[in-house]
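Subject: Structure handover

Hi there,

Here is the structure I promised to pass on to you. Please have a look at it first, and then read on for my notes.

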Amino acid sequence: MMQGVPDGDDKPRAICTICGKIAYQNPKMVVGCLVEHGNKILLVQRNIQPAKGLWTLPAGFMEIGESAVQGATRETWEEAGADVEVVSPFIHMDVPLIGHSYMIFRAKLKTPHFAPGPESLDCKLFAVEDIPFDTLAFSSMLVTLNLYIKDLKAGKPRFHYCIVNKSLMNEVGLGKPILPLFNQFGLKSSSAVSFFQWFKPKWRRLKFGFIRAGAAPSDIHAHTVDNYFEC
Ligand SMILES: [Zn+2]
């Protein structure tokens with residue numbers, strides 16, 4: 001494989017040096033459920049990296065051969081042992097930096113049973129005021145839960161769309177020039193994110209004089225919500 005810009009294209013791609021085939025990389029769909037039960041919502045505590053030990057909505061990568069709804073209910077079954085029925089679409093979020101596109105559905109329990117699957121440490125129903133915002137796993141889930149609370153306060157469920165523009169680069173103080181640099185060398189944005197996740201605690205220790213290794217879920221706040229629509 002080599003990196004190059006194919007004829008008629010304007011982006012660097014991975015090209016096979018033997019047969020010339022181009023390995024295109026496109027965003028992945030993440031699908032999941034916001035399960036409501038008796039004024040509470042179902043969260044799972046992750047037992048796998050990234051974000052092990054932190055809380056999130058049951059969600060995961062959509063598989064070829066299934067629909068978004070099927071994927072969302074499958075992930076909810078796998079992670080929370082919950083048999084759910086999708087009620088309506090809730091939010092579509094794009095996270096361009098890491099090439100993820102989320103579809104989260106409102107859903108309800110078909111039977112009032114749930115239990116953590118192998119990828120989860122725990123799963124629980126949380127009243128809105130008890131949502132563990134200090135130990136949430138992902139920016140996408142922070143945005144989703146905030147919009148859910150907004151809808152609750154307004155007394156009207158809506159459908160939302162937005163772009164979650166993550167800014168890990170800015171947080172480490174190196175600024176945006178780094179990401180084009182990664183792209184220049186044909187590395188994926190997700191590699192840039194992995195690099196910064198690896199680099200950041202080291203940077204913090206440099207910056208703050210080896211005081212603490214930052215276990216900082218505050219990272220999930222390092223984003224802006226853009227192109228927001230609701231209907
Ligand atoms: Zn080849």
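Let me begin with a loop residue: Ala51 counts as partly exposed, because 18 C-beta neighbours lie inside 10 Å and a residue needs 20 or more to be buried. Ala51 sits in the loop between S5 and S6, and its phi is near 65°, a positive value in a residue other than glycine. The residue before that has its own peculiarity. Pro50, in the loop between strand S5 (40–46) and strand S6 (55–56), is joined to Gln49 by a cis peptide bond, with omega at about -5°.

Please keep in mind that this is a predicted model. The average pLDDT of the chain is 85, and 77% of the residues score at least 70. Residues 170–177 fall below 50, and this stretch has twelve contacts in the model beyond near neighbours in sequence. Residues 205–218 are also below 50, with nine such contacts.

**Overall picture**

The chain has five helices and twelve strands. Of its 231 residues, 27% count as buried. Among contacts with a separation of 6 or more, 68% are between residues 24 or more positions apart.

**The core**

The largest nonpolar core has 43 residues. Cys33, Leu34, Val35, Leu42, Ile104, Phe105 and Leu136 have the most contacts inside it. At least two residues each come from strand S4 (28–37), S5, helix H1 (68–80), S8, S9, helix H2 (139–154) and S11. H2 gives the most to this core, with six residues.

Ile104 is a good place to start if you want to look around inside. Leaving aside neighbours within four places in sequence, Ile104 is in contact with Gly32, Cys33, Leu34, Leu57, Ala59, Phe90, Ile91 and Thr144.

**Helix H2**

H2 has 16 residues and reaches 23 Å from its first C-alpha to its last, close to the 22 Å expected at 1.5 Å a residue. Its buried residues are Ser139, Ser140, Met141, Leu142, Val143, Thr144, Leu145, Leu147 and Tyr148. The cover over these buried residues includes S4, S6, S8, S9, S11 and S12. After the helix comes Gly155, with a positive phi near 70°.

**Strand S8 and its partners**

S8 (residues 84–95) pairs with both S9 and S11, so to speak on two accounts. With strand S9 (residues 100–109), S8 runs antiparallel, and ten bridges join the two. Pro89 stands opposite Phe105 in this pairing, and Phe105 is one of the core residues listed above. S8 and S9 form a hairpin with four residues between them, and Gly99 in the turn has a positive phi of about 65°. With strand S11 (residues 160–166), S8 runs parallel, over four bridges. Here Met93 has Cys162 as its bridge partner.

**The three-stranded sheet**

There is also an open sheet of three strands, in the order S1-S2-S3, with antiparallel pairing. Strand S1 (2–4) and strand S3 (22–23) are at the edges with a single partner strand each, so one side of each has no neighbour in the sheet. Three bridges hold the antiparallel pairing of S1 with strand S2 (residues 13–15), and Gln3 stands opposite Ala14.

**Two more residues to look at**

Which residues does Lys40 contact, apart from its neighbours within four places in sequence? They are Leu125, Phe126 and Ala127. Lys40 lies in strand S5, and its C-alpha is 6.5 Å from that of Val128, although the two are 88 residues apart in sequence. Lys40 is partly exposed, because its count of 15 other C-beta atoms within 10 Å lies between the limits of 12 for exposed and 20 for buried.

Asn227, in strand S12 (residues 223–230), has a phi near 50°, a positive value in a residue other than glycine. Is Asn227 buried or exposed? With 9 other C-beta atoms within 10 Å, Asn227 is exposed, because the limit for that is 12 or fewer.

Happy browsing, and best wishes

Key: Residues numbered from 1 in each chain as written. Predicted model: local features only at pLDDT ≥ 70, side-chain atom pairs only at ≥ 80, totals over all residues. Pairing = 2+ DSSP bridges. Contact = placed C-beta atoms within 7 Å. pLDDT = per-residue confidence, 0-100. Core = buried A, V, L, I, M, F, W, Y, C linked by C-beta atoms within 7 Å. Expected span 1.5 Å × (residues − 1).
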